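Here is a short briefing to read alongside the model. Please keep the structure open as you go through the points.

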Amino acid sequence: MALILYVVLGVALIGTLSSAVFLGLALLGVMRFRSQARQQLRGIPDNAHLPPVSVLKPVHGLESQLKENIESFFRQDYPDYEVLFAADEANDPALEVVREVCAHYPHIPSRVLVTGALWPNPVVHSFHCMAEAAAHEILVTADSDVEVSSSYLREVVSPLLDPQVGMVTCVYRGKNVAGFFSALTAIGMSVEMTAGVLVANLLEGMKFGLGPTIAVRKDSLARIGGYHALKDYISNDFAIGNQIAEAGYRVVLSGHVIDHVVNQKSFRRMWQNQLRWAQTTRYSRPKGHFGTGLVFSMPYGLLGLLAAGGLGHWGLGSIFLAVAVLNRLAEAWLVGWMVVRDPQVRRAPWLYPLRDVLGFVVWFASYLNLRYVWRDSRFELKGTRITLRQTSSDSR
């Protein structure tokens with residue numbers, strides 16, 4: 001038993017050191033991000049040199065804060081843009097909200113498409129149909145559960161004026177609109193997700209996209225075969241950025257931060273969403289996802305507490321736990337406040353150490369299951385591709 005406890009203590013020590021190294025890398029990533037963000041702001045041209053833009057927004061059901069999210073895209077400080085919406089079915093209840101908002105902003109060109117779900121990934125099919133109908137060369141895709149500020153288009157589009165830049169994407173903060181379980185997901189978006197993106201940008205540059213916002217030019221999209229090349233990728237945001245980078249273009253991480261609205265009222269719904277994200281990351285970036293197991297801190301602090309305590313060294317165990325808690329609080333402040341300005345980090349900083357434990361459990365579970373739920377569909381994967389898509393109506 002003593003030997004086992006020493007082995008566990010060794011694992012706790014390795015995890016504590018690796019999470020400390022990751023915190024140091026996150027600090028460097030924050031510094032680089034802030035520097036690049038300042039350069040991007042200085043490079044924004046005046047209205048006369050900003051190109052027209054087509055915003056593409058798929059919708060599906062009455063999501064929380066849907067009207068406010070959509071309206072934020074009609075309140076842009078941008079000279080010339082249109083907004084296109086797409087739904088799988090004509091009777092989707094989201095379309096009533098969409099049409100109401102469009103009617104309130106008649107000076108902004110807008111269109112609504114009903115596209116069906118003909119490809120394994122229905123969102124990619126929506127993007128394909130909207131891109132075919134788009135009037136402009138620059139396409140900005142944005143999820144229906146995000147809210148943006150008035151400077152969004154101006155800041156996201158500007159880097160695409162460089163012909164060597166083929167895509168721009170954004171980090172985001174979680175906006176909790178539901179309760180405790182939703183808060184755990186939201187702070188994970190603001191801190192855990194963002195920290196991983198900043199470290200990846202630091203070490204290898206951006207070679208992937210983040211789904212809530214992806215801006216591309218039609219020429220760079222055509223270079224990879226258009227949306228048709230992404231039709232059966234489950235993590236289409238990762239795939240489009242990866243393929244555009246492989247085609248020789250730069251992928252830029254914008255300094256603009258958007259709000260990702262989170263409405264997960266139950267543990268089950270939170271768990272399904274967390275597991276889906278973890279599984280898509282596992283297959284999109286297998287090596288990086290495996291290494292994620294070493295960037296958590298709280299699980300190793302708890303292991304250290306229990307192992308050292310079992311050996312009669314509770315003081316040493318308490319040090320392990322204290323170091324883990326301080327590590328997570330430092331990361332929450334550094335990334336969650338200094339980068340994405342999430343007010344939840346200031347109001348309830350204790351949420352992130354708790355989220356860190358949950359994140360480790362989700363990471364471990366991502367290696368146990370190949371089937372997951374997204375909206376009203378159930379998927380099975382083979383690598384990064386969808387091999388089965390069954391909607392709730394198919395199962396009846």
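Asp356 is buried, with a relative accessible area of 0% in this predicted model. Its place is in helix H14, which covers residues 351-365. Salt bridges with shared partners link Asp356, Arg328 and Glu331 into one network.

**Around Asp356**

- Setting aside residues up to four places away in sequence, Asp356 touches Phe296, Ser297, Met298, Pro299 and Arg328.
- Arg328 therefore appears twice here: as a residue that Asp356 touches, and as a member of the salt-bridge network with Asp356 and Glu331, while Asp356 itself is buried at 0% relative accessible area.

**Salt bridges elsewhere**

- Side chains of opposite charge can pair when their charged atoms come close.
- Across the whole structure, a search finds 12 salt bridges.
- One of them joins Arg111 and Glu82, whose closest N and O atoms are 2.9 Å apart.
- Arg111 belongs to strand E3 (residues 110-114) and Glu82 to strand E2 (residues 81-87), so this pair ties together parts that are 29 residues apart in sequence.
- The two partners sit in unlike surroundings: Arg111 is partly exposed at 34% relative accessibility, whereas Glu82 is buried at 6%.
- Asp162 and Arg250 also form a salt bridge, with 3.5 Å between the closest N and O atoms.
- Because Asp162 lies in the loop between helix H5 (152-157) and strand E6 (165-176), and Arg250 in strand E8 (residues 250-262), the pair ties together parts that are 88 residues apart in sequence.
- Asp162 counts as partly exposed at 27% relative accessibility, and Arg250 is partly exposed at 45%.
- Asp219 and Arg217 meet through their side chains in a salt bridge of 3.0 Å, N to O.
- In that pair, Asp219 is partly exposed at 39% relative accessible area, while Arg217 is buried at 11%.

**The nonpolar cores**

- Which residues touch the most other members of the largest nonpolar core? They are Tyr227 and Ile240, in a core of 101 residues.
- Helix H6 supplies the largest share of this core, 11 residues.
- Tyr227 lies in the loop between helix H7 (218-223) and helix H8 (236-246), and is buried at a relative accessible area of 5%.
- Beyond its neighbours within four places in sequence, Tyr227 is in contact with residues including Leu56, Trp119, Val124, Phe127, His128 and Ile240.
- The C-alpha atoms of Tyr227 and Ala183 are separated by 33 Å, with these positions 44 residues apart along the chain.
- Ile240, with neighbours within four places in sequence left aside, is in contact with Met167, Ile214, Val216, Leu221, Ile224, Tyr227 and Leu230.
- Another core lies apart from the one around these residues; it has seven residues, among them Leu5, Ala12, Ala308 and Phe320.

**Where H1 meets H6**

- Two packed helices are described by the angle between their axes and the distance between the axes.
- For helix H1 (residues 2-42) and helix H6 (residues 180-204), the axes come within 8 Å and cross at roughly 75°.
- H1 and H6 are therefore roughly perpendicular to each other, as angles from 65 to 115 degrees count as such.
- On the H1 side, the residues in contact include Phe22, Leu25, Phe33 and Gln36; on the H6 side, they include Ala195, Leu198, Val199 and Asn201.
- The residues of the contact of H1 with H6 divide into 11 nonpolar, four polar and one charged.

Conventions:
Residues numbered from 1 in each chain as written. Predicted model: local features only at pLDDT ≥ 70, side-chain atom pairs only at ≥ 80, totals over all residues. Heavy atoms only, no water. Helix = DSSP H or I, 4+ residues; strand = E, 2+ residues; numbered from the N terminus. Buried < 20%, exposed > 50% of the residue type's maximum accessible area, 1.4 Å probe, protein only. Contact = heavy atoms within 4.5 Å. Axes fitted to C-alpha atoms, helices over the stretch in contact; angles between N-to-C directions. Parallel < 35°, antiparallel > 145°, perpendicular 65-115°, else oblique. Nonpolar A, V, L, I, M, F, W, Y, C, P; charged D, E, K, R; others polar. Core = buried A, V, L, I, M, F, W, Y, C linked by side-chain atoms within 4.5 Å. Salt bridge = Lys/Arg side-chain N within 4 Å of Asp/Glu carboxyl O.
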